[in-house]
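Visitor: Got the structure up? Let's go through it together, starting with one of the helices.

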Amino acid sequence: MAVHKLLSLGLALAPLLLPPSIRSQQPCANGIHVDGTVTDTTGAVVPGAELTTTIGERTTSDSIGHYTLTCVTGSSALITARATGFAESKVRVRGQVGSAVHMNIELRLASVQQDVEVNGDVPTASEDGAGTTMLNAKQVEQLPDDPDDLLRELQMLASTSGGSPNEASVLVNGFQGSSMVPPKSSIASIRINPDTFSPEFQWHRSRIEITTKPGADKFHGALFFNDSNSIFNATNPFSTTSTPAGRRRYGVELTGPIRPKKLDFTLAVERREIDEFDIVNAKVLDSSYSVTPLRQTVATPQKLWIGSARIDSQFSKNDIATLSWSANVNDQGNQGVGGLVLQEAGYSNRVSEYDLRLLNTLTLGTNTVQETRIGFAWKRNLQKPNSTSPSLQVAGYFTGGGAISQNLNNRERDLEVDDDVIATRGRHQFDFGLQSITSFVHAYVPSTFNGDYVFGGGSGSELDSGNQPTGGTVNLRPIDQYGRALQNLPGGTPTNYQVTMGNPVVPVTQSQVSLYAQDVMKVLPNLSFTFGLRYQLEIHPNSFHNPRPRFGLVWSPDKKATWTIGAQAGIFTIWDTPANLLEVERLNGSRQSQITVYSPSYRAPLVPVPGSIQVNTRNRFEPGISQAPVFQFAARVAHEFPHHWSGQVSYSFGGTWNSSRIVNINAPKLPSSIGIAPDPTASLMAPRPLAPNLNIMQYQNYGHGQGAVYAATVKQNSLKRLNLNVTYWYLNFRENPQTPQSTYSTQGDSARPDWMRRGGVSGLGVLQLPSRFELSMQFSALPGLPYNITTGTDANGDGVFNDRPSYAAAVGTGVYSTPYGLMTTNTVNGTVPYNVGTMPGWTINLDPNLRRTFVLNPKDRDHLRTLSLNVRSSNVLNHTNVTTVNTVLSSGTVGQPIAAGPARRLELGARFDF
């Protein structure tokens with residue numbers, strides 16, 4: 001009783017903690033316990049459905065659609081569901097022996113048969129850990145139709161376990177090289193953050209696993225159209241004029257048999273056109289060289305098309321092969337524009353990806369399953385600048401000129417080969433496999449070939465009314481410095497000018513190979529242990545000594561197994577990406593030469609003038625660089641309440657050491673100082689440890705970080721009228737930035753990472769309304785992101801413009817008032833911590849979707865036709881979600897918002913299924 005009281009207290013504290021629940025574990029010594037709910041496509045429960053497995057287990061759904069298969073022999077089973085008036089549905093479930101699998105099954109009217117292989121929610125140490133969310137086909141249907149909106153929604157759900165939403169990896173049918181989400185209509189189920197401790201994966205980070213549907217055994221198709229007219233949409237909060245945004249999306253789908261019961265196909269094509277706008281919110285100089293605000297609405301049109309084709313072949317009852325092809329081509333205009341970036345500094349962009357994949361699933365009896373995956377991807381990123389003139393950065397005021405990326409043309413080919421085996425032997429389940437990914441990159445990178453001016457402000461000559469020097473000095477804002485440069489006045493020298501020359505073509509190849517093995521051992525009917533090991537190597541840069549062990553346990557303390565307690569720990573890996581390798585190869589001292597001129601002439605920056613100093617830059621890897629290890633620990637307590645309510649509280653902790661940092665190992669040796677105006681010339685002339693006038697940017701293994709996630713979830717997916725999943729989480733992470741402000745000082749570097757919000761709450765809900773209307777809702781409320789306050793200049797001469805200010809005791813020259821106290825730019829190696837700022841307000845999104853489906857020919861079950869109409873809104877509250885603030889101290893407007901996310905958008909949709 002004492003144990004149960006303690007656990008009850010833990011669940012009572014759920015609102016103070018909160019990732020999602022896992023289902024209770026039922027005793028089954030030689031197989032898996034399976035339960036769930038049988039529903040139709042509207043979400044209504046189906047009582048009396050008959051469910052059978054391939055080896056003879058049988059059950060029937062009760063009056064509320066719930067079914068239970070107490071003990072299905074083995075670790076994998078194909079369940080067939082049948083009910084009068086519905087098509088037969090087959091669902092593959094998989095889990096560790098002794099675990100419980102929760103799998104909802106959807107039955108369709110007419111003859112649209114599903115044969116879907118998915119993983120279930122299994123509460124074992126090696127399948128579902130803290131933070132796992134399972135979305136079935138019905139719940140997927142409620143998510144956004146637009147592929148970009150769908151990805152953002154899934155990334156937000158995945159981020160509840162800690163980490164940047166943008167870093168969540170996407171796996172489609174097990175392929176780890178995915179970077180795009182398939183059309184929503186092709187998705188059978190989605191698992192978010194499953195088994196983050198499995199040795200099958202190198203990362204302990206957010207993960208989205210998508211399983212797509214196979215073809216149907218009878219011909220079936222759909223036509224759809226969505227439109228978001230500008231008359232329904234709100235104006236961007238920073239725009240002074242109307243922003244008539246619009247969006248159109250339309251497409252066609254077709255699926256059916258090529259050879260009944262043996263070979264079927266799926267085809268889909270869709271097109272999306274978006275008329276969106278970004279707002280320039282900058283300060284520039286007018287014709288009289290006076291500072292004036294600039295508010296400009298810039299069209300950022302997007303045109304996207306997606307195509308996919310899939311063939312499923314069943315060679316035998318136990319051998320299934322899937323060959324798929326997909327394409328994603330996205331054209332975008334005026335990218336990079338908005339906030340302080342003027343339209344001229346933007347670029348048009350085409351991002352394309354084509355994937356060819358082969359998946360073979362072989363079931364060897366009831367105890368072994370083998371999956372082999374071979375994939376090849378073609379990726380391309382092509383950019384065209386709006387201007388080819390030199391880039392112009394006036395720190396804290398505006399960025400103009402041409403984009404520094406210029407005519408970027410990156411081409412990448414990725415080859416992935418995986419082979420995984422799951423085998424059950426007695427009390428043990430063994431998982432083992434081999435994975436390899438090789439990236440072939442052929443990049444055309446003319447970065448800063450057009451040149452880049454920076455005006456960062458600082459000390460300058462005092463001028464009289466006739467613009468003549470008085471002999472005194474004043475503190476110049478970056479905009480003042482730029483204005484003097486335009487008028488050719490004293491003090492109008494740019495802070496620096498950077499240009500790159502040489503061969504823009506950069507070819508690189510990188511391979512990553514991994515072996516893993518895991519044993520899930522059933523010690524008792526209610527207790528299991530997991531032991532796993534992953535070994536991985538990387539070629540270019542070479543790293544070979546990387547064994548990574550994993551451990552876990554799950555215990556159900558009560559006889560009915562309504563309580564589950566789990567704990568896991570392991571070592572993970574962060575390895576260098578092809579992007580880092582590309583930068584090292586690009587500026588390796590021979591292919592491209594990057595020159596930085598400090599205090600140059602504005603008219604002829606490469607011509608030496610008194611006071612100018614020229615510095616070269618090279619990139620390189622630290623000798624012996626290795627894959628950075630990461631330690632992670634997680635514990636959770638989950639409980640199944642009556643009527644299929646469930647809750648979970650969890651805690652996870654992690655730390656990384658020897659992570660990647662980029663440090664100038666040949667920076668000038670300067671002492672830190674406060675209260676004295678920096679002297680850029682003196683800084684650059686200070687002694688360097690290796691060679692004069694050379695920046696050596698080295699990729700090192702000296703980074704570190706640690707943090708914890710407190711989380712809890714309440715979930716209900718079995719009620720006739722309501723499905724609900726609500727998660728609350730709190731994060732506390734600290735790490736040092738990838739590029740420090742100083743080579744010789746680490747003061748203030750350990751701070752919140754760029755992606756970390758302190759906490760947040762998110763929810764997914766589906767409500768069945770009268771007259772067969774269905775209302776779904778996605779909600780999230782997140783505090784502001786951190787931001788780093790900088791001086792806008794390079795006071796320590798290390799070639800990186802990320803210097804932070806110092807705190808000041810009194811008002812004076814070069815001292816500015818901020819929401820975080822007085823700060824001064826008169827410093828070298830400032831004392832203000834990294835990411836001290838927090839963006840104002842909360843990011844709040846409420847996205848409802850109201851849907852009604854009409855059956856057009858209810859009597860013709862064999863050729864059913866339906867029409868679905870929906871109204872969807874994003875940011876229906878029209879809340880101003882700040883995305884960017886001014887971070888440059890010398891602008892005098894630190895912390896003031898300059899850009900926000902989209903305002904309210906309303907979209908009407910229609911879908912015809914036949």
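Visitor: What should the twelve residues of helix H3 span at 1.5 Å a residue, and how far apart are the end C-alpha atoms?
Guide: This is a predicted model. For H3, residues 147-158, the expected span is 16 Å, and the end C-alpha atoms are 16 Å apart, so the two agree.

Visitor: Is H3 enclosed by the rest or out in the open?
Guide: Largely enclosed, because nine of its twelve residues are buried. Among them are Pro147, Leu150, Leu151 and Met156. Glu153 and Gln155 are buried as well.

Visitor: What about the whole chain: how many helices and strands?
Guide: Six helices and 54 strands. The radius of gyration is 30 Å, close to the 29 Å from the globule rule for 914 residues, so the chain is as compact as a globular protein of that length. Along the principal axes, the C-alpha atoms fill a box of roughly 95 × 55 × 55 Å.

Visitor: How much is buried?
Guide: 58% of the 914 residues. The accessible surface is about 35,900 Å², with 59% of that belonging to carbon and sulfur atoms.

Visitor: Switching to confidence. What's the average pLDDT?
Guide: 85, and 90% of the residues score at least 70. By element, strand E24 (residues 398-400) has the highest mean, 97, and strand E9 (residues 114-117) the lowest, 33.

Visitor: Where does pLDDT stay under 50?
Guide: Over residues 1-27, which have 97 contacts beyond four places in sequence in the model. Residues 110-130 are also below 50, with 120 contacts beyond near neighbours in sequence.

Visitor: How should predicted coordinates be read where pLDDT is low?
Guide: Not in detail.

Terms used
Residues are numbered from 1 along each chain as its sequence is written. This is a predicted model: local features need pLDDT of at least 70, side-chain atom pairs count only at pLDDT 80 or more; totals for chains, interfaces and linings use all residues. Side-chain values use heavy atoms; hydrogens and water are left out. Helices (H or I, at least four residues) and strands (E, at least two) are DSSP runs, numbered from the N terminus. The expected span of a helix is 1.5 Å times one less than its number of residues. Buried means under 20% relative accessible area, exposed over 50%, partly exposed in between (1.4 Å probe, protein chains only). pLDDT is the predictor's confidence in each residue, from 0 to 100. Contact means heavy atoms within 4.5 Å. The radius of gyration is taken over C-alpha atoms; the globule rule is 2.2 Å times the number of residues to the power 0.38. Accessible areas come from the Shrake-Rupley method with a 1.4 Å probe; for residues, only the protein chains shown count as cover.
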